Amino acid sequence: DITKTWWKEAVFYQIYPRSFQDSNGDGVGDIQGIISRLDYLKGLGIDAIWLSPIYDSPNDDNGYDIRDYYSIMKEFGTMEDFDQMLYEIHRRGMKLIMDLVVNHTSDEHPWFRAAIKDTSSKYHDYYLFQKSKNEQPPNNWTSFFSGSTWNYYEKNEEWGLHLFSKKQMDLNWENEEVRKEIHTMIRWWLEKGVDGFRLDVINYISKKSGLPDGDEQIGKLIGYYGIEHYFYGPKLHQYLKELRREAFEPYDAFTVGETPGIGMQMSKLLTGEKRKELDMVFSFDHLEAPGHVRFDEYRYDLNYLKDYMCYWMEHYGNQCWMSLFYENHDNPRMVSKVNPDPVYRETLAKLLAMIQLTLKGTPFLFEGQEIGAVNKKFTSINEIRDVESINLYQELVPSKGEEEAFRIILSGSRDHARTPMQWNDKKNAGFTEGTPWISPNDDYLEWNVEKQLHQENSILNFYRNLIRLRKENNTLIYGEFIPINRKKKNLFAYLRKEGPEEFYVECNLGIDSMKKTRMKGDYRLILSNYSEPADELRPYEANLYQRI
Ligand code: TEU
Ligand code: CA
């Protein structure tokens, strides 16, 4: 069953380079800034870094619209800076995984420029073009970033497909030449020594041939028309096996696929050890609790996370390996989703850390999560930078008016995750000497790395202690997961057990105190988010015990 390997033992940290650390005062994070913070990450106990895209890009979607896979975005620095960063990461015994965005390229990529310049060029078949049907787009698909998924190219009297922004053109994976270009590019980066990749929306690469209309009911239910024709396409497994064989396997590279919409059974087909496809996936089902809407106020009920994790562990835990995450650059902050009341912020942030770092799977932390980052109270659309939010706002204003449209996008905007990393209480939280590309959260005087590094009981040191405990006790990594008292609402209690080694985690998922569970055997409390033990479990209390 489960083989032991580095990426099952590692704690990953996602850096969104644009917002992490600016080194040259232009208000945009960069590679030299990342290099200056590697000791901080090493000190936190991070084993592997996932970098959001740093390739040349016009930044219509902040780097997820790649113009040249073989060069570094000028705002972030040079290829020499990259080489220095990779060396400095490896020198510290950490690994680097890059973001691989190959479902689409920028419309400024030379391939796409050639494709629309001359429709008889071989590059025309690198993308998905279709002739118009009576002046209408070829089908009813709608983009994740509002509007139709089709751009019209007047000169060529044809339409080009883009699932995301108008400047992110979908590649035609049916074309073997496209696949070969991608294999070559991946090997080029692996030859430089990167340790693996996070594969952006990799489950979208295979589309139903003919690109037929999406079903009306599904479009209304899911919110995006046509999604059933590409979210788990007909040749997905074929392409993933080929990618592994032709590119990743020769370098023993790690892969985690970002697979929105993929559930447990499908993720088993994508990551089962014998499937020889991906090592892990980011499925979002555990975040999309009942009542979840991409944009609107809603409270995340941690009982849903408990039920999801218990079910997954019971049915899939010994066949695949789970990625454990709450946040990334596309989602609002988890503390704000669960309970925005500032009274609970620190205790709740530590509860979330306890769960994420003692469940069975690989934890992925997102920058700022380790100091208890919360959503920013943006006050106007002019402060918003994210293309998804801006497009949706413009789509909503005619029917909802500006105020209601802003309230709606504010609840789900990806910019909550993209405010500058808060290093200290200096100007712009120590992120930049210049004017930041996006305004910092105004809580940085109180909530920053510098302050928490020096507070023994800070959220940051709670994360550091948990990461250290994981490293010192393999049982917290490979040990069996055994739920305790599972039926009790708001209690999330479980064992991590391997032979005689046993840890016991007990969490209160709510704000009402509750009775503790009487355990047989003797346990020693080794970490808690409360400074003194009590005979009841208090609001959001999280305790880690070791059996003696
Ligand atoms: O995200 C795809 C994705 O799942 C989200 O964009 C989501 O589909 C969307 O916000 C609506 O729910 C990846 C990247 O993480 C994201 O930053 C990019 O914008 C997107 O792909 C396109 O590359
Ligand atoms: Ca900079």
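Which helices and strands cover the buried residues of α8? The cover includes β5 (95-100), α6 (176-192), β11 (196-199), β12 (254-258) and α9 (264-271). This is a predicted model.

## Helix α8 and the loop after it

Helix α8 spans residues 236-248. Its buried residues are L236, H237, Y239, L240, E242, L243, R244, A247 and F248. Charged side chains are part of that list, namely E242 and R244. An α-helix has 3.6 residues a turn, so residues three or four places apart point the same way. Among the buried positions, L236, Y239 and L240 can be read with that rule in mind.

D252 sits in the loop between α8 and β12. Its phi is near 50°, a positive value in a residue other than glycine. Is D252 buried or exposed? D252 counts as exposed, because its relative accessibility is 66% and the cut-off is over 50%.

## The calcium site

Which residues coordinate the calcium ion (ligand 2)? The donors are D22 (OD), N24 (OD1), D26 (OD), V28 (O) and D30 (OD). Their distances run from 2.2 to 2.4 Å. Along the chain the donors follow the spacing D-x1-N-x1-D-x1-V-x1-D. V28 contributes its O atom, and V28 is buried. D30 is buried too.

## Around ligand 1

Ligand 1 has 19 residues around it. D61, D200, D330, E388 and R414 come nearest.

Some polar side-chain distances to ligand 1 can be given. D200 places a polar side-chain atom 2.9 Å from an oxygen atom of the ligand. E388 also has a polar side-chain atom 2.9 Å from a ligand oxygen. For H329, an N or O atom of the side chain is 2.9 Å from an oxygen atom of ligand 1.

## The sheet of β7, β9 and β8

An open sheet of 3 strands runs in the order β7-β9-β8, with antiparallel pairing. Its edge strands are β7 (129-131) and β8 (150-153), each pairing on one side only. Neighbouring strands are turned by 30° against each other on average, direction ignored. β7 and β9 (residues 158-161) pair over 3 bridges. In this pair, F129 stands opposite G160.

Y153 belongs to strand β8. Is Y153 buried or exposed? Y153 is buried, because its relative accessible area is 14% and the cut-off is under 20%. Beyond its neighbours within four places in sequence, Y153 is in contact with F112, I116, F129, E158, W159, G160 and M169. That list includes F129 and G160, the residues that stand opposite each other in β7 and β9. I116 is 37 residues from Y153 in sequence, yet their C-alpha atoms are 7.7 Å apart.

## Strands β16, β17 and β18

Strand β17 covers residues 491-498. Why is β17 described as largely enclosed by the rest of the structure? Because 6 of its 8 residues are buried.

β17 pairs with two strands in the antiparallel sense: β16 (residues 480-484) over 5 bridges, and β18 (residues 501-508) over 8 bridges. L495 of β17 takes part in both pairings. L495 stands opposite I482 on the β16 side and opposite Y504 on the β18 side.

Both pairs are hairpins. β16 and β17 have 6 residues between them, and N485 in that turn has a positive phi of about 55°. β17 and β18 have 2 residues between them, and G499 takes a positive phi near 60°.

## T517 against the hairpins

T517 lies in the loop between β19 (514-515) and β20 (523-528). T517 is buried, with a relative accessible area of 18%. That counts as buried because the cut-off is under 20%.

Which residues does T517 touch, not counting those up to four places away in sequence? They are I484, N485, L491, Y504 and E506. With N485 there is also a polar contact of 3.3 Å between side chains. N485 is the turn residue with the positive phi of about 55°. Y504 is the residue opposite L495.

## A buried loop residue

A429 is in the loop between α13 (387-412) and α14 (449-453). Its phi is near 60°, a positive value in a residue other than glycine. A429 is buried, with a relative accessible area of 0%.

Technical notes. Residues are numbered from 1 along each chain as its sequence is written. Chains are lettered from A and ligands numbered from 1 in the order in which they are written. This is a predicted model: local features need pLDDT of at least 70, side-chain atom pairs count only at pLDDT 80 or more; totals for chains, interfaces and linings use all residues. Side-chain values use heavy atoms; hydrogens and water are left out. Donors are N, O and S atoms within 2.8 Å of the metal (3.2 Å for Na, K and Ca); water is not among the atoms, so sites may look incomplete. Buried means under 20% relative accessible area, exposed over 50%, partly exposed in between (1.4 Å probe, protein chains only). Helices (H or I, at least four residues) and strands (E, at least two) are DSSP runs, numbered from the N terminus. Two strands pair if DSSP finds at least two bridges between them. A polar contact is a pair of N or O atoms within 3.5 Å; within protein, one must be able to donate a hydrogen and the other to accept it, and residues adjacent in sequence count only if both atoms are side-chain atoms. Contact means heavy atoms within 4.5 Å. Axes are lines fitted to C-alpha atoms, for helices over the stretch in contact, and angles run from 0 to 180 degrees between N-to-C directions. A residue is near a molecule or strand if one of its heavy atoms lies within 4 Å of it.
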